Amino acid sequence: MKKIRLDKYLADMGVDSRTGIRQRIRQGQAAVNGETVYKADFRVDVERDSVSLQGVPVPYEEFQYFMLNKPQGVVTATRDRREKTVLELLPALRRRDLSPVGRLDKDTEGLLLITNDGKLAHRLLSPKKHVKKEYFAVIDGHVGSADQQAFREGLDIGDEMPTLPAELFILEAGGISEVIVTIEEGRFHQIKRMFEALDKRVTYLKRISMGPLKLDETLKPGQYRRLAEEEQRALLELKNGKE
Ligand code: URA
């Protein structure tokens, strides 16, 4: 049994600010199991009790999982003084403790998982777990088999260690090339730096998968949705798998 204060419960679920919530509880807007509760410190059993605010049920969700198709021009951060963040694209009614899993550059688009499930985030990002991330990229320049070989061998991108072997699949080779890159790490600007090491420039980058999670291509840049049950299940298998 997990019991928490009523005001914390409602704040965790993101219905209002803590102050707003206390006020609303005092005004008699909150109910637990159908009974109006006026005390913010009333203890709620998150597994058994049903809580509502102004008659609208507020179910407790320990973990929330959102898939965002990150658009260009927003930063992968929870807060930023100047720039718009990925969290600002999510609905107002959501848990307050959500964070993006990993970082996409401001000009990178595509799959971003946003959750408060810290253990899952850790598993997805841990270098030891070798979780594959796939990116679609447009490259200014011709990409060929020598580049594929260089990716397979791992590249010196100016870090202490060369990159781990990565896959480079060529969709279209020409003055402008289109490729799919699969990496198992998540270093800063990694894909861009890998191409730079080969004297080529990435002009467009979009993440299309992360472990078992694939970008839902029906989501336009800037759109999000909750993860479906099968998607959550696949991620939980990873989370609860062997170390
Ligand atoms: N590699 C990059 O260079 N940028 C990203 O946003 C992700 C991977």
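A nitrogen atom of the ligand sits 3.1 Å from a polar backbone atom of I191. That is a polar contact (a pair of N or O atoms within 3.5 Å). The model is predicted: local features need pLDDT of at least 70, side-chain atom pairs count only at pLDDT 80 or more, and totals for chains, interfaces and linings use all residues. Residues are numbered from 1 along each chain as its sequence is written, and side-chain values use heavy atoms, without hydrogens and water.

**Ligand contacts**
- K192 also offers a polar backbone atom, 3.1 Å from an oxygen atom of the ligand.
- T108 acts through its side chain: an N or O atom there is 2.9 Å from a ligand oxygen.
- The protein covers 97% of the 240 Å² of accessible area that the ligand has on its own (Shrake-Rupley method, 1.4 Å probe).

**Ligand shell**
- L104, D105, T108, Y135, H189, Q190, I191, K192 and L205 surround the ligand (a heavy atom within 4 Å).
- Helix α5 (residues 190-196) gives the largest share of this shell, 3 residues (helices are DSSP runs of H or I, at least four residues; strands are E, at least two).
- The shell holds 4 nonpolar, 3 polar and 2 charged residues.

**Largest pocket**
- The ligand takes up the space of the largest pocket (more than half of its atoms lie within 2 Å of the grid points).
- A pocket is an open set of points on a 1 Å grid where a 1.4 Å probe fits, with protein on both sides within 12 Å along at least five of seven lines; lining residues have an atom within 4 Å of a point.
- The volume of the largest pocket is about 480 Å³.
- Its lining has 27 residues, with E185, G186, R187, F188 and Q190 nearest the centre.
- β10 (133-140), α5 and β13 (201-210) each supply at least two lining residues.
- By class, the lining splits into 12 nonpolar, 7 polar and 8 charged residues.

**Second largest pocket**
- This pocket has a volume of about 200 Å³.
- Its lining includes M13, R24, P57, E61 and R226.
- The lining residues divide into 8 nonpolar, 1 polar and 3 charged.

Definitions and conventions: A polar contact is a pair of N or O atoms within 3.5 Å; within protein, one must be able to donate a hydrogen and the other to accept it, and residues adjacent in sequence count only if both atoms are side-chain atoms. Ala, Val, Leu, Ile, Met, Phe, Trp, Tyr, Cys and Pro count as nonpolar, Asp, Glu, Lys and Arg as charged, and the others, Gly among them, as polar. Grid points are joined across faces, edges and corners, and a volume is the space filled by probe spheres set on the points.
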